[in-house]
Amino acid sequence: NDQTGLYSVFRNPWHTPLTIFIAVVGVIAIVALVTVAVLQNKPLIPKYKYGIVLDAGSSHTAMYIYEWPAEKDNNTGRVEQTHSCKVKGPGISSYASDPKKAGQSLQVCMKEAERFVPSERHEETPLYLGATAGMRLLNIENSTASDQVFQAVSESLQKSPFSFQGARILSGQEEGAFGWVTVNYLDDRLKQVCTTGALDLGGASTQISFVSDAFDGSESPNNSVNFRLYGNDYNLYTHSFLCYGKDQVLRMALSGPGSISDPCFHNGYSESKNYMTLYNSPCVSKRKPVSSPADFTHVGKGNFYQCQELVKSVFDFTQCKYTQCSFNGVYQPTLQGPFGAFSAYYFVMNFLNLTDTSVPLQSVKEALARYCSTPWETIKKQHPGIKLKYLAEYCFSGTYILTLLTEGYNFTSETFSKIRFIKQIKGSDAGWTLGYMLNLTNMIPAEAPDTPLLPHAGYVSVITVIALVLFLLFVLSLRPLWPRCSQKPQIV
Ligand SMILES: O=c1[nH]cnc2c1ncn2[C@@H]1O[C@H](COP(=O)(O)OP(=O)(O)O)[C@@H](O)[C@H]1O
Ligand SMILES: [Ca+2]
């Protein structure tokens, strides 16, 4: 007969076992919810995984360290560049006569990587070296020397605590395709249909890659790369022009007729140069005059329009056995979509302050013409901190870029405005290295990762609602929903 306590709970018809059940479930749900929320918010020590790629370019080597959240190792996490290191000295192909030095040159950056990647991650961190056009040319010229350089580089990298996965020459097709993957991965375009084309300008080669609806690969299979990424099929057009990096084109332009007084260099510029150095590349060796003096004086006469004519002379626009070509008889479908132009495209256009492509192409050309006609003494005074090697070549390089884009790839003033000159996207350098690593570590799934019906937060909110409804029911079950109109309020 106890009127209070457990008895009173059962006495009230609303206090049935059901309400007890609801109460218990409601409370458990809330406790669970609070626990999840607390655990979720607790700043867990971020566990990351890492990957390292060395970009052995013709002019220099650069090291990139990438990281991604370990718990999202099932290729749904965002891989980001967390560190980069520029190797001192020239590209590894320059060590052909002393290959050991190629390996030694990498040590400083590798030591930096050991400090950067947590030591407990070292042995599982994959390390790749990819070489591009500089080593392609050395391999053509002297494959023994090329092999010795790779031997020396591999021995050096094997000494590192990381998981060395090998050093190799990328094909031009790989270099172009992985540059495209990087740009679209960083720009989150791999889950969309509309992608961004990739334009990469190096010292010894240049690449163009883009998806074109008009291109199914049938006309020129060598220019076709098929990707299935996140459930989307991409039929990519890509081409790499060996010898059309800006340093090799400069050699070709200099080895042409009348190279002594050069319209691509500023008035007042005068440097004595050595023909041997100029001609020791497979890109120009066939242009070598039979009898040439050892040295010549390279004199500038700064004229953009004459420079453009000189640069055009390194392109062949006559032969094309396809429906349409870019240059040198290479098939190219009609340009499509926006483009990201990086590496030397960016370095040069950024220096010239010409990265704003909302400026009409004609105005860009006029600005460059003014720059090229500025006397060398003035240029040096205006840019005291710039390496003279680079400073002397910006007029040539800018003219080459505009000629390559408009005469070579057929960008018009309208499609030129769809180019963005970029160095990085969301803090990661644009270039082939990220795409290369993503591909080798299978971090871009062919199929779309099964996106949870609800994002994590969604689950939490669904539980919250259920818990609150249950709890509300319990609370309400303690009082009749609608007082029986006959029942006088009981004073308890
Ligand atoms: O700060 C800069 N200003 C101008 N050019 C630069 C700068 N940094 C790098 N470059 C140029 O960018 C190009 C990089 O080419 P890279 O070494 O990647 O050759 P590759 O891709 O043909 O193997 C070279 O021509 C190099 O001189
Ligand atoms: Ca490069």
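Here is a chat between a trainee and a mentor about a predicted model.

Trainee: Before we start, what kind of model is this, and what pLDDT do local features need?

Mentor: Residues are numbered from 1 along each chain as its sequence is written, while chains are lettered from A and ligands numbered from 1 in the order in which they are written. Side-chain values use heavy atoms, leaving out hydrogens and water, and in this predicted model totals for chains, interfaces and linings use all residues, side-chain atom pairs count only at pLDDT 80 or more, and local features need pLDDT of at least 70.

Trainee: Okay, which residue does UniProt list for "active site"?

Mentor: The name comes from an unreviewed entry. UniProt positions follow the numbering used here, with shortened feature names, and annotations may be inferred rather than shown by experiment. The residue listed is E175.

Trainee: Is E175 buried or exposed?

Mentor: First, place it: E175 is part of helix α7, residues 172–186. Helices are DSSP runs of H or I with at least four residues, strands are runs of E with at least two, and both are numbered from the N terminus. Buried means under 20% relative accessible area, exposed means over 50%, and partly exposed is in between, using a 1.4 Å probe and protein chains only. E175 has a relative accessible area of 6%, so E175 is buried.

Trainee: Which residue of strand β7 is in the "binding site" list and has a relative accessible area of 0%?

Mentor: For "binding site", the unreviewed UniProt entry gives G203, A204, S205, T206 and Q207. Q207 is found in strand β7 and counts as buried at 1%. Strand β7 covers residues 205–211 and also holds T206. The residue with 0% is T206.

Trainee: Which backbone oxygen does the side chain of T206 reach?

Mentor: T206 touches several residues beyond four places away in sequence, including D200, H239 and Y400, where contact means heavy atoms within 4.5 Å. A polar contact is a pair of N or O atoms within 3.5 Å; within protein, one must be able to donate a hydrogen and the other to accept it, and residues adjacent in sequence count only if both atoms are side-chain atoms. At 2.7 Å, the side chain of T206 reaches the backbone oxygen of D200.

Trainee: And which side chain does the side chain of Q207 make a polar contact with?

Mentor: Leaving out residues up to four places away in sequence, Q207 touches E175, D200 and Y409, among others. For the polar contact, the distance is 2.7 Å, and the partner is the side chain of S205.

Trainee: How do α8 and α14 lie relative to each other?

Mentor: Helix α8 (residues 246–254) and helix α14 (residues 388–408) pack at about 100 degrees, with axes 11 Å apart. Axes are lines fitted to C-alpha atoms, for helices over the stretch in contact, and angles run from 0 to 180 degrees between N-to-C directions. Angles under 35 degrees count as roughly parallel, over 145 as roughly antiparallel, 65 to 115 as roughly perpendicular and the rest as oblique. That makes α8 and α14 roughly perpendicular.

Trainee: What about α5 and α6?

Mentor: Helix α5 spans residues 133–141 and helix α6 spans residues 143–158, and their axes are 5 Å apart. Among the residues that meet are M135 and L138 in α5, with V149 and F150 in α6. The angle is about 135 degrees. So α5 and α6 are oblique.
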